[in-house]
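Work through these exercises with the structure open beside you. Try each task before you read its solution.

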Amino acid sequence: MTHPAEAAPAPFAARDWIGPFRARRLPVLVALIALSAMPGEFGALTRALMRDAYVQVAVFVAATLLLFYGAEILFRFDIGAVLRRAGRWQVPIAALMGATPGCGGAVVVVAAYSSGNVGLGAVVATLTATMGDAAFLLIATRPDAAAVVLPLSFAVGIVSGWLVDRFNRVEFRASTAGQCELAPRIGRTRPQDIAYLALAVPGLVAGIAQIGQISLDNVLGVPVMWLALAGAFLGLLIWATSPLQAMTNPGDGPLTRMAEETSFIAVWVIGAYLAYDYVATYGGLDLDAAFQAVAPLLPLIAIAVGFIPGCGPQVLVCTLYVNGLIPFAALIGNAISNDGDALFPAIALNPKAAVVATVYSAIPALIVAYGFHFLAPGFLN
């Protein structure tokens, strides 16, 4: 992505740093280490959730981002510049990037909006089209449903994006300058980036195996738990020592951009996983019972779950559908309303735009979900 020339790195005051660590991020790093090191059931749950956040989300985000950024280098094009010059094709391209399984494509579009490269319609298109990491699970377990959900979400994303560009007249981006703190143009790959990739590759193997419901105790002789925790904590360390607010500079190498941005997203994902399961485990939250309460409300409940940032709740909705507990109408409503992990950087970079884009995506979700509920109640159930 190309950032405007005026978007120079903001200087950091001494109080913003504690040694190599950013002052506001160090407590988060310490807290997560402490939670994972606790004895008993609580510590075991925390470690399991961090493992899941890594192998279910982080490695797929890393793979998708590396694919996009590697393509920029290989084919000598800038995704942000391509989007900026795309004109009426900007929305379909953004929707296609969102429809790509995983969240990497949608994350790129969200960052491009903050950089001034795309309009709000592209953001709505990509967030509407994306199913996030739940797409991997659906493709692996119900390819027949995936063959309908992904193209339909893509089409709905295009229409929604074009309508927003046609009728929305409010600019939520106060300025294209300074929206992303930029990394120094080091033009090289750091040792921690290589280490992050070295852990992400076997982590991706474990993640794909998990989606395919294949039980793996270890990858290349290394226990999956320790592999995932090593990758998660390396990502936390990269995040805690990074000058970046969120997205990286195109002057960095693809490995650096992948490691920095995946680490940024993974912190939010880990936090969401922990908060969600802590409440579910110790707060008595039973989503399964809530979904089964009243059938007519299932699409609405699934759409509401889609508003929750991150892919964990959306993977749960997909799992409920795969297991026959909710209808296709609920699945498609959730697929259209959910923004996956792309909502995390959207909130961090421009919370007003994130909220508005999410609200906009709810409208087609309601129309499509209840269209299936009333007109084709047994479709793909």
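**Exercise 1. The largest cavity**

How many nonpolar, polar and charged residues are in the lining of the largest cavity?

Solution. A word of care: this is a predicted model.

Step 1. Count the cavities. There are 4 cavities of 30 Å³ or more. The largest holds about 70 Å³ of space.

Step 2. List the lining of the largest cavity. Val110, Tyr113, Ser114 and Val123 belong to it, and so do Ala346, Leu349, Asn350, Ala353 and Ala354.

Step 3. Place these residues on the fold. Helix H5 (104–114), helix H16 (343–349) and helix H17 (351–375) each give two or more residues to this lining. H5 has the largest share, with 3 residues.

Step 4. Sort by class. The lining of the largest cavity has 7 nonpolar residues, 2 polar ones and no charged ones.

**Exercise 2. The second largest cavity**

Find which element gives the most residues to the lining of the second largest cavity.

Solution.

Step 1. Take the volume. The second largest cavity has about 40 Å³ of space.

Step 2. Name the lining. The residues around the second largest cavity are Tyr54, Ala58, Tyr196, Gly231, Ala232, Gly235, Ala266 and Ile270.

Step 3. Assign them to elements. At least two lining residues come from each of helix H2 (40–74), helix H10 (224–240) and H11. H10 gives the most, with 3 residues.

Step 4. Sort by class. This lining has 6 nonpolar, 2 polar and no charged residues.

Step 5. Look at one lining residue, Ala266. Ala266 sits in helix H11 (residues 254–282). Its relative accessible area is 15%, which is under the 20% limit, so Ala266 is buried. Gly235 also lines this cavity. The C-alpha atoms of Ala266 and Gly235 are 7.4 Å apart, although 31 residues separate the two along the chain.

**Exercise 3. A salt-bridge network**

Which residues are joined into one network by salt bridges that share partners?

Solution.

Step 1. Start from the total. The model has 4 salt bridges.

Step 2. Follow Arg190. Its side chain forms a salt bridge with that of Asp193, at 2.8 Å from N to O. Arg190 also meets Glu260 in a salt bridge, again at 2.8 Å from N to O.

Step 3. Check the distance along the chain for Arg190 and Glu260. This pair links distant parts, 70 residues apart. Arg190 is in the loop between helix H8 (143–167) and helix H9 (191–211), while Glu260 is in helix H11.

Step 4. Check burial. Arg190 has 14% relative accessibility, so it counts as buried. Glu260 has 5%, so it counts as buried too. Asp193 is buried as well.

Step 5. Join the pairs. Arg190, Asp193 and Glu260 form one network through shared partners.

**Exercise 4. A pair with two kinds of exposure**

Decide for Asp144 and Arg142: buried or partly exposed?

Solution.

Step 1. Identify the contact. Asp144 and Arg142 form a salt bridge, with the closest N and O atoms 3.0 Å apart.

Step 2. Apply the limits. Buried means under 20% relative accessible area, exposed means over 50%, and partly exposed lies in between.

Step 3. Read the values. Asp144 is at 36%, so it counts as partly exposed. Arg142 is at 17%, so it counts as buried.

**Exercise 5. Leucines on the outside**

Where do Leu300, Leu96 and Leu220 lie?

Solution.

Step 1. Take Leu300. It lies in helix H13 (residues 298–306). Because its relative accessibility is 39%, Leu300 counts as partly exposed. Leu300 makes a nonpolar surface patch of about 300 Å² together with Val294, Leu297 and Leu366.

Step 2. Take Leu96. It belongs to helix H4 (residues 90–99). Its relative accessible area is 52%, so Leu96 is exposed. The C-alpha atoms of Leu96 and Ser153 lie 9.6 Å apart, with their positions 57 residues apart along the chain.

Step 3. Take Leu220. It is in the loop between strand S3 (218–219) and strand S4 (222–223). With a relative accessible area of 79%, Leu220 is exposed. Leu220 is not a glycine, yet has a positive phi of about 55 degrees.

Step 4. Add Leu380. It is in the segment after H17. Leu380 has a positive phi of about 55 degrees and is not a glycine.

Note on methods:
Residues numbered from 1 in each chain as written. Predicted model: local features only at pLDDT ≥ 70, side-chain atom pairs only at ≥ 80, totals over all residues. Heavy atoms only, no water. Patch = residues over 30% accessible without salt bridge, like charges linked within 9 Å, V, L, I, M, F, W, Y side chains within 5 Å. Areas by Shrake-Rupley, 256 points an atom, 1.4 Å probe, with all protein chains shown as cover. Helix = DSSP H or I, 4+ residues; strand = E, 2+ residues; numbered from the N terminus. Buried < 20%, exposed > 50% of the residue type's maximum accessible area, 1.4 Å probe, protein only. 1 Å grid on protein atoms, 1.4 Å probe; cavity = no way out; pocket = protein on both sides within 12 Å on 5 of 7 lines; lining within 4 Å. Points joined across faces, edges and corners; volume = space filled by probe spheres on them. Nonpolar A, V, L, I, M, F, W, Y, C, P; charged D, E, K, R; others polar.
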